[in-house]
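Colleague: Could you take a close look at the interior with me? I'd like to follow the packing step by step, along with any charged pairs worth knowing about.

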Amino acid sequence: MSDQAEPTPAPESPLRREMKAQPQRKLRIGIAVVLALLLLVLWRMYFLFTPLSKQHTPQKVEIPEGANVRVIAETLEQDGVIRSGAAFQIYTRWKGQGSRFHAGTYVFYSDMRLREIVHALNIGPNGAYDDRPRITIPEGYTLVQIASLLESKGVVSKTAFLNLTQTPDGIRQLHASFPLPETTLEGYLFPDTYFFQRNESPVKVVEEMLLNFSTKFYRPYLKEMEKRKSNLQEVVTIASLIEKEAKAPQDRTRIAGVIYNRLEKKQRLEIDATVLYALGKHKDRVLYADLKVNSPYNTYRVAGLPPAAIANPGLNSLVAALLPEDNNYYYYVARPDGTHIFSRTLAEHEAAKKQARKEQGR
């Protein structure tokens, strides 16, 4: 065996190194191109599934009797409700929907999501089916009152409805186009006339009312809320106070101004309707003893707004809460005819109370 060292190999030339690196570079470029194309396709698909517009523009659509999903998809695309009929068909197959879509005349909005459109088609146009109970939810009804009314009409169980709308576990089952509160949906179920099936799914009933809240108030006034930096929960809660306090329509925005003025000055709101909500019963007159009820809803004892709404307000009260009158009133008292006397100072308020009692004959 030779003791002579092995010769050192000659260094690799730059040309040879370049030739060996070319396949790896081509592979990396190829992977990058494929990923870019994949991202482009995914973005395009996502785009087709998004609402047609951010504008809340209504569009009347006629769904013919016996139309299948393909025909409905084409109709919605042609009438300017969705971006892509193909995307609509893919979505309905993915969700297992389409077998119970109803014919009729609908009003869709250009900012509706596919899920909301599918939900509307499953429910059917209001009034299209005479066998469905016609149920009017009055403005100012609480969740308990709505639940009782729906149960009396054979739509849903009161217990199931309240478990869905008054518990975190129930609310987590629901979907809406706006952020839902965690503990109660008081204030978010839009008062209106509905056509529900008997023995309907509570989720379906609640989601239709949430969709109506979004369609009638949240979407049309979203830009105004963003402009004013308004908090939705605060607006809904104040609207519920207005709904229970204002009997005369012209007083709504003025009462809203009073509420905001007192909040700004950190004065307790001292609203009788919150005491009645805390008591859980209606009374024609709130007594001094009632004002002592220990509840976070009692605005005679607790500063600021109650933790949630005390009723489900109508559109006029919601708008008044969002667009209050700019005034310097801090008090109001009801007159026999339902209107209110508004005051700037406590002395004026005491005089107004005497005037109201005189008008009542007391």
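Modeller: Happy to! When I say that residues touch or are in contact, I mean that they have heavy atoms within 4.5 Å of each other. Please keep in mind that this is a predicted model.

Let's begin with Leu210. Leaving out residues up to four places away in sequence, Leu210 touches Leu174, His175, Ala176, Phe178, Leu180, Leu185, Tyr188 and Leu189. Leu210 and Leu189 also appear among the residues that touch the most other members of the largest nonpolar core, together with Leu150, Phe161, Phe213, Leu232 and Ile242. That core has 56 residues, and the elements that give two or more residues to it are α5 (143–152), α6 (158–165), α8 (202–218), α10 (232–245), α11 (252–264) and α13. Another core, of 19 residues, lies apart from it and includes Ala73, Val81, Tyr106 and Met112. In soluble globular proteins, nonpolar side chains tend to be buried together.

Now for α10, one of the contributors to the largest core. Of its 14 residues, 11 are buried, among them Leu232, Val235, Ile242 and also Glu243 and Glu245. The length of α10 is as expected, because 14 residues at 1.5 Å a residue should span 20 Å and the end C-alpha atoms are indeed 20 Å apart. At the start of the helix, a side-chain oxygen of Asn231 comes within 3.0 Å of the backbone nitrogen of Gln233.

Next comes α11, with 13 residues and a reach of 19 Å from first C-alpha to last, close to the 18 Å expected. Its buried residues are Arg252, Ile255, Ala256, Gly257, Val258, Ile259, Asn261 and Arg262, and their cover includes α10, α13, β5 (331–334) and β6 (340–343). After α11 comes Lys266, with a positive phi near 60°.

Where do α10, α11 and α13 come together? Try Ala320, which sits in helix α13 (residues 315–322). Beyond its neighbours within four places in sequence, Ala320 is in contact with Ile242, Arg252, Thr253 and Ala256. Ile242 belongs to the buried set of α10, while Arg252 and Ala256 are buried in α11. Ala320 counts as buried because its relative accessible area is 3%, below the 20% cut-off. The C-alpha atoms of Ala320 and Val235 are 9.1 Å apart, although 85 residues separate them along the chain.

Finally, the charged pairs. Side chains of opposite charge can pair when their charged atoms come close. The whole structure holds 10 salt bridges. In one of them, Arg219 meets Glu116 with the closest N and O atoms 3.2 Å apart. Arg219 lies in the loop between α8 and α9 (222–228) and Glu116 in helix α4 (residues 114–123), so this pair ties together parts 103 residues apart in sequence. Both partners are buried, and Asp111 joins them in a network of salt bridges.

For contrast, Arg228 and Glu224 form a salt bridge at 2.8 Å, N to O, and both lie in helix α9, 4 residues apart, about one turn of the helix. Arg228 counts as partly exposed because its relative accessibility is 45%, and Glu224 counts as partly exposed at 23%.

Conventions
Residues numbered from 1 in each chain as written. Predicted model: local features only at pLDDT ≥ 70, side-chain atom pairs only at ≥ 80, totals over all residues. Heavy atoms only, no water. Buried < 20%, exposed > 50% of the residue type's maximum accessible area, 1.4 Å probe, protein only. Core = buried A, V, L, I, M, F, W, Y, C linked by side-chain atoms within 4.5 Å. Expected span 1.5 Å × (residues − 1). Polar contact = N/O pair within 3.5 Å; in protein donor to acceptor, adjacent residues only side chain to side chain. Salt bridge = Lys/Arg side-chain N within 4 Å of Asp/Glu carboxyl O.
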